Amino acid sequence: MTKQAPFKYCVVGNIVKTHTDETGTLRYGTAAFPGGTKVYLCGKYWEPSWGTICVIGRSRRKRYQAVDTPATLIENVRCARAYRPAVLRLMNDWEFAKNWWGDTQDDRRDTEAFVRRWAQEHAPSPTPAAPAPDTPTPLEQEEEK
């Protein structure tokens, strides 16, 4: 019998507290997770074009479960170690057990690389600069004419 590692390197994030859905309705967290929930991202099984990522987190029913979650609803992504037995059990016994990182230094470097890639993919889009206070807006320019 092999000895199970007491931790695994992983990437964690938090579910956004609030967001608006397609209809403009204000939502708190996701259907599976309340806002602010810490989730463990299954980074080896993620492609930015998919739009979702598999995560493990403590659900609204207070049980740890694996759920595909929209990547846009995850914030504060960072490297960490997973110690919780329930989380490790899901990582080890789950269908895609090979898609989670392990406890080696190579795995640690891989999680750091994943966080950098995530930051590039989910960087906030630049907002247009506001006009200078003394610059007239287009409406003011039309009124002057």
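Which residues form one aromatic cluster? Phe7, Tyr9 and Tyr83 do. The model is a predicted one. Across the whole structure, a search returns four aromatic pairs. In one of them, the ring centres of phenylalanine 7 and tyrosine 9 are 5.3 Å apart. Their planes meet at 90°, so this pair is edge-to-face. Both phenylalanine 7 and tyrosine 9 are buried. Phenylalanine 7 also has a charged partner. Arginine 81 lies over the face of its ring, 4.4 Å from the ring centre.

The overall layout is as follows. The protein contains seven strands and three helices. Along the sequence, these elements follow the pattern β-β-β-β-β-β-β-α-α-α. The protein has 145 residues, of which 32% count as buried. Contacts across the sequence were also examined. Among those between residues at least 6 apart in sequence, 64% join residues at least 24 apart.

The largest nonpolar core has 15 residues. Within this core, Leu41, Ile74 and Trp118 touch the most other members. Several elements give two or more residues to the core: strands β1 (8–15), β4 (38–41), β5 (52–58) and β7 (74–82), and helix α2 (105–121). The most comes from α2, which gives three residues. The surroundings of leucine 41 can be listed in full, leaving aside residues up to four places away in sequence. Leucine 41 touches Val11, Val12 and Gly13. It also touches Ile53, Cys54 and Val55. Ile74 and Val77 are further contacts of leucine 41. Trp100, Trp101, Phe114 and Trp118 complete the list for leucine 41. A second core is separate and holds eleven residues. Its members include Cys54, Ile56, Leu88 and Trp100. Cys54 and Trp100 of this second core are thus also named among the contacts of leucine 41.

Cysteine 54 belongs to strand β5. Its relative accessibility is 3%, so cysteine 54 counts as buried. Between cysteine 54 and glycine 43, the C-alpha to C-alpha distance is 8.0 Å. In sequence, cysteine 54 and glycine 43 are eleven residues apart.

The cysteines were then checked for bonding. A disulfide is a covalent bond between the sulfur atoms of two cysteines. The search of the whole structure finds zero disulfides. Cysteine 10 is in no disulfide, and the nearest cysteine sulfur belongs to cysteine 79. Seen from cysteine 79, the closest cysteine sulfur is that of cysteine 10. The separation of these two sulfurs is 8.5 Å, too far for a bond. The cut-off for a disulfide is 2.5 Å between sulfur atoms. The two residues can also be described by exposure. Cysteine 10 has 0% relative accessibility and therefore counts as buried. Cysteine 79 has 34% relative accessibility and therefore counts as partly exposed.

Histidine 19 was examined as a further site. Histidine 19 sits in strand β2, which spans residues 18–20. Its side chain reaches the backbone oxygen of glycine 29 at 3.4 Å. Leaving aside residues up to four places away in sequence, histidine 19 touches Thr25, Leu26, Arg27, Gly29 and Leu73. Gly29 is thus one of the residues touched by histidine 19, and the backbone oxygen of this glycine is the atom that the histidine side chain reaches.

Definitions and conventions
Residues numbered from 1 in each chain as written. Predicted model: local features only at pLDDT ≥ 70, side-chain atom pairs only at ≥ 80, totals over all residues. Heavy atoms only, no water. Core = buried A, V, L, I, M, F, W, Y, C linked by side-chain atoms within 4.5 Å. Buried < 20%, exposed > 50% of the residue type's maximum accessible area, 1.4 Å probe, protein only. Helix = DSSP H or I, 4+ residues; strand = E, 2+ residues; numbered from the N terminus. Contact = heavy atoms within 4.5 Å. Polar contact = N/O pair within 3.5 Å; in protein donor to acceptor, adjacent residues only side chain to side chain. Phe/Tyr/Trp six-rings, centres within 6.5 Å; stacked < 30°, edge-to-face > 60°. Lys NZ or Arg CZ within 6 Å of the ring centre and 35° of its normal.
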